Amino acid sequence: TSSTFKCRPNRFCSEPAFAPRDDPKSEDDGYLVTFVTDMESRTSECVIFDALKIETGPVCRLALPHRISCGTHACWVPERLLKRSKRKIINARSSKL
């Protein structure tokens with residue numbers, strides 16, 4: 001099966017990244033995370049969908065402080081894999097931005 005979500009005119013989604021739920025019940029049990037750029041208002045947001053219910057619309061919309069370009073790419077990396085990295089990781093829960 002497949003489902004879709006269509007943005008309003010002049011709003012463009014980036015390629016979504018899949019973020020699995022903790023203890024998923026199926027391979028598609030998680031979230032799709034994408035960036036949406038609105039060319040009319042010149043704003044951008046991070047939009048999160050329940051991967052099992054995309055057609056119901058976003059479960060969360062986070063306004064970004066600046067407009068980003070259309071087609072921005074990202075990927076989802078579980079925290080346990082980031083901890084193995086030799087690069088310094090900033091914990092967003094405890095860090096001041």
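Helices and strands here are DSSP runs, helices with at least four residues and strands with at least two, numbered from the N terminus. Keep in mind that you're working with a predicted model.

**Exercise 1. Get your bearings in the chain.**
Work out which elements the chain has and in what order they come.

*Solution.*
Step 1: Take stock of the elements. There are one helix and five strands.
Step 2: Walk along the sequence. The pattern reads β-β-β-β-β-α.
Step 3: Look at the helix. Helix 1 covers residues 79–82, and Leu-82 is found there.
Step 4: Check how the chain is packed. It has 97 residues, and 24% of them count as buried. Among contacts between residues at least 6 apart in sequence, 38% join residues at least 24 apart.

**Exercise 2. Follow one salt bridge across the sequence.**
Find which parts of the chain the pair Glu-45 and Arg-11 ties together, and decide whether each partner is buried or exposed.

*Solution.*
Step 1: Start with the chemistry. Side chains of opposite charge can pair when their charged atoms come close.
Step 2: Check the distance. The side chains of Glu-45 and Arg-11 meet at 2.5 Å, N to O, and the cut-off for a salt bridge is within 4 Å.
Step 3: Place the partners. Glu-45 sits in strand 4 (residues 43–50) and Arg-11 in strand 1 (residues 11–13), so this bridge joins parts that lie 34 residues apart in sequence.
Step 4: Judge the burial. Buried means under 20% relative accessible area. Glu-45 has 10%, so it is buried, and Arg-11 with 13% is buried too.
Step 5: Widen the view. Arg-11 and Glu-45 belong to a network of salt bridges that also takes in Asp-38 and Arg-61. The whole structure holds six salt bridges.

**Exercise 3. One arginine, two partners.**
Find out which acidic residues pair with Arg-21, and where the partners of its bridge to Asp-50 lie.

*Solution.*
Step 1: Take Asp-29. Its side chain meets that of Arg-21 in a salt bridge of 2.4 Å, N to O.
Step 2: Take Asp-50. Arg-21 and Asp-50 form a salt bridge as well, at 2.8 Å, N to O. This pair links distant parts of the chain: Arg-21 is in the loop between strand 2 (17–20) and strand 3 (30–38), while Asp-50 is in strand 4, 29 residues apart.
Step 3: Sort the three by accessibility. Asp-29 is buried at 7%, and Asp-50 is buried at 9%. Arg-21, at 24%, counts as partly exposed.

**Exercise 4. A serine in a loop.**
Decide whether Ser-14 is buried or exposed, and list which residues beyond its sequence neighbours it is in contact with.

*Solution.*
Step 1: Locate Ser-14. You'll find it in the loop between strand 1 and strand 2.
Step 2: Check its accessibility. The value is 6%, so Ser-14 counts as buried.
Step 3: See what surrounds it. Setting aside neighbours within four places in sequence, Ser-14 is in contact with Thr-34, Phe-35, Gly-71 and Thr-72.

**Exercise 5. Look at the outside.**
Find which residues make a nonpolar surface patch.

*Solution.*
Step 1: Begin with the whole surface. The accessible surface comes to about 7900 Å², with 54% of it belonging to carbon and sulfur atoms.
Step 2: Name the patch. Val-77, Leu-81 and Leu-82 make a nonpolar patch of about 200 Å².
Step 3: Test one member. Patch residues need over 30% relative accessible area, and Leu-82 has 35%, which makes it partly exposed.

Key:
Residues are numbered from 1 along each chain as its sequence is written. This is a predicted model: local features need pLDDT of at least 70, side-chain atom pairs count only at pLDDT 80 or more; totals for chains, interfaces and linings use all residues. Side-chain values use heavy atoms; hydrogens and water are left out. Buried means under 20% relative accessible area, exposed over 50%, partly exposed in between (1.4 Å probe, protein chains only). Contact means heavy atoms within 4.5 Å. Accessible areas come from the Shrake-Rupley method with a 1.4 Å probe; for residues, only the protein chains shown count as cover. Patches are made of residues with over 30% relative accessible area and no salt bridge: like charges are joined within 9 Å, nonpolar side chains (Val, Leu, Ile, Met, Phe, Trp, Tyr) within 5 Å.
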